[in-house]
Amino acid sequence: MKLYNTLTRTKEEFTTHEKGVCRMYTCGPTVYHFAHIGNLRTYIMEDVLEKYLRYDGLDVKRVMNITDVGHLSSDADTGEDKMLKGARREHKTVMEIAQFYTDAFFDDCKKLNIRNPDTVQPATGCISDFIKMVEGLLEKGYAYISGGNVYFDTSKLDEYYVFNKHDAEDLEVGVREGVEEDTAKRNKCDFVLWFTKSKFDDQELKWDSPWGVGYPGWHIECSAISLKFLGEYLDLHCGGIDNAFPHHTNEIAQSEAYIGHKWCSSWFHVLHLNTNSGKMSKSKGEFLTVSLLEEKGYDPLVYRFFCLSSHYRKSLVFSYEGLDNAKTAYERLIAKIASVKPEGEVSCGDFAKLRSLFTEALDNDLNTSLAITAVYDVLKSDANGATKLALIEDFDRVLSLSLIEKAASLRESEQGGSASFGIDAETASEIEALIAERAEAKKAKNYARADEIRNTLAERGIILKDTKDGTTYTVE
Ligand code: AMP
Ligand code: ZN
């Protein structure tokens with residue numbers, strides 16, 4: 001498989017240090033609030049990558065941290081701690097906030113068919129590992145103590161700005177909120193490994209350390225957690241593009257200084273999801289979450305389909321119009337699959353030929369939109385029904401769009417409903433979608449929309465009937 005590597009800025013053949021095993025690390029969420037759908041774009045694309053590597057036969061060992069301490073509102077070690085901010089906002093403790101939003105994150109992942117990494121490690125569970133690493137960096141002369149904090153000394157490196165030739169816009173350093181010059185730093189790019197003093201002294205979570213009571217910097221957690229669970233040779237490190245600098249640059253600096261050799265060979269960065277008005281935000285404008293999309297009647301998998309329809313290395317603009325188009329395309333696709341009859345026996349020749357369209361697409365830097373086109377190619381092909389369904393099931397191990405399950409439930413509902421009324425699969429899928437939207441509207445107490453759907457369908461002769469097991473319909 002060829003994959004773009006941000007480190008070398010080229011598309012390269014993806015290889016692993018140990019044959020057949022891929023050690024993959026993912027920067028996890030900062031659990032101070034719900035994830036927005038931009039964050040989840042990154043996790044969806046990483047999920048497809050992980051699943052494709054497995055599909056390709058690799059034994060993927062994937063680790064993800066949970067940032068529950070140390071991430072300040074500016075990625076440049078300044079501003080307020082995001083977790084503290086969240087706790088204050090909700091009048092809860094930091095740990096309560098962390099638990100609540102960690103659970104919420106995995107709920108969202110489940111709805112989006114994102115597989116949980118093999119190891120998920122909250123940063124607060126590895127404080128002694130961070131301390132050990134900071135001690136090592138001090139011993140090796142890569143760190144210094146100043147103004148009460150421990151800093152990494154970037155002037156000790158031959159090369160620091162590894163990712164810096166990327167577009168300046170993509171590499172903007174976090175949110176520049178309350179940025180203050182840190183006069184304790186020796187060099188502008190030095191960063192904090194361990195805080196004991198900062199401009200805020202009411203940090204809720206603090207631990208004893210050789211340098212006094214304090215807490216770790218954000219970057220050290222990913223280096224230490226990755227080294228602890230995946231060893232000194234990492235094959236693949238993932239994150240959103242905003243993580244490339246300074247977070248990943250700093251991770252490389254401290255990890256390689258600590259272990260004394262090259263650490264991670266390939267870096268996968270997902271470009272941002274933006275809104276029409278610019279950057280996606282949790283505090284300004286509409287806070288776009290999976291739950292909000294559900295409240296508006298969208299199946300979360302429509303959002304997954306929307307993401308897979310464009311390339312991860314292009315920034316993507318979110319709009320409801322775009323999402324509606326994805327919804328229509330997804331529902332039509334399901335309806336088409338539902339209309340395939342499982343006839344004949346799987347033909348190995350057709351299977352291999354059509355499968356190669358799918359693998360060629362993903363082998364070329366994870367081209368997910370072409371991989372979806374390969375599903376349409378299967379449907380259009382003259383392969384028999386059994387072969388078509390076997391291929392779609394096979395592709396969905398990677399795409400995770402629940403294609404077979406959704407098509408089966410559509411067929412079932414048709415048998416109970418539309419089939420006997422002579423409605424085609426596409427119309428049936430449209431009716432089912434409207435019924436689902438009406439249920440969501442009712443849940444959100446939007447009775448006007450619920451009634452509107454009932455009336456529009458009635459005008460077409462489709463009469464809804466609410467039962468204790470859900471809504472069914474008859475056709476006049
Ligand atoms: P955070 O919870 O802020 O640590 O971010 C979680 C993940 O989402 C990181 O990999 C970020 O790089 C990524 N991310 C943040 N904003 C966006 C966005 N608008 N689009 C895509 N990914 C994002
Ligand atoms: Zn990280």
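Here are three short exercises with worked solutions on the predicted model above.

Local features need pLDDT of at least 70 and side-chain atom pairs count only at pLDDT 80 or more, while totals for chains, interfaces and linings use all residues. Residues are numbered from 1 along each chain as its sequence is written, chains are lettered from A and ligands numbered from 1 in the order in which they are written, and side-chain values use heavy atoms, with hydrogens and water left out.

**Exercise 1. Find which polar atoms of the protein ligand 1 meets, and how much of its accessible area the protein covers.**

Step 1. Start with the shell, where a residue is near if one of its heavy atoms lies within 4 Å. Ligand 1 has 15 residues around it, and Thr-30, Gly-38, Thr-42, Asp-242 and Leu-273 come nearest.

Step 2. Now look for polar contacts (pairs of N or O atoms within 3.5 Å). One oxygen atom of ligand 1 lies 3.1 Å from an N or O atom in the side chain of Asn-39. At Gly-240, a polar backbone atom is 2.9 Å from an oxygen atom of the ligand. At Leu-273, a polar backbone atom is 2.9 Å from a nitrogen atom of the ligand.

Step 3. Turn to cover: of the 490 Å² of accessible area (Shrake-Rupley method, 1.4 Å probe) that ligand 1 has on its own, the protein covers 93%.

Step 4. Assign the shell to elements, which are DSSP runs (helices H or I, at least four residues; strands E, at least two). Those giving two or more residues are α1 (37-55) and β12 (234-240), and α1 gives the most, with four.

**Exercise 2. Identify the donors of the zinc ion (ligand 2) and place them in the fold.**

Step 1. Search for donors (N, O and S atoms within 2.8 Å of the metal, or 3.2 Å for Na, K and Ca; water is not among the atoms, so sites may look incomplete). Cys-27 (SG), Cys-222 (SG) and His-247 (NE2) coordinate the zinc ion at 2.0 to 2.1 Å.

Step 2. Read their spacing in sequence: C-x194-C-x24-H. Cys-222 lies in helix α5 (residues 218-230) and His-247 in helix α6 (residues 244-259), so this pair ties together parts that are 25 residues apart in sequence.

Step 3. Check burial (buried is under 20% relative accessible area, exposed over 50%, partly exposed in between; 1.4 Å probe, protein chains only). Cys-222 is buried at 0%, and His-247 is buried at 0%.

**Exercise 3. Work out what the side chain of Ser-281 reaches.**

Step 1. Locate Ser-281 in the loop between β15 (278-279) and α7 (290-295). Its relative accessible area is 19%, so Ser-281 is buried.

Step 2. Follow the side chain of Ser-281: it reaches the backbone nitrogen of Ser-283 at 3.0 Å and that of Lys-284 at 2.9 Å.

Technical notes:
A polar contact is a pair of N or O atoms within 3.5 Å; within protein, one must be able to donate a hydrogen and the other to accept it, and residues adjacent in sequence count only if both atoms are side-chain atoms.
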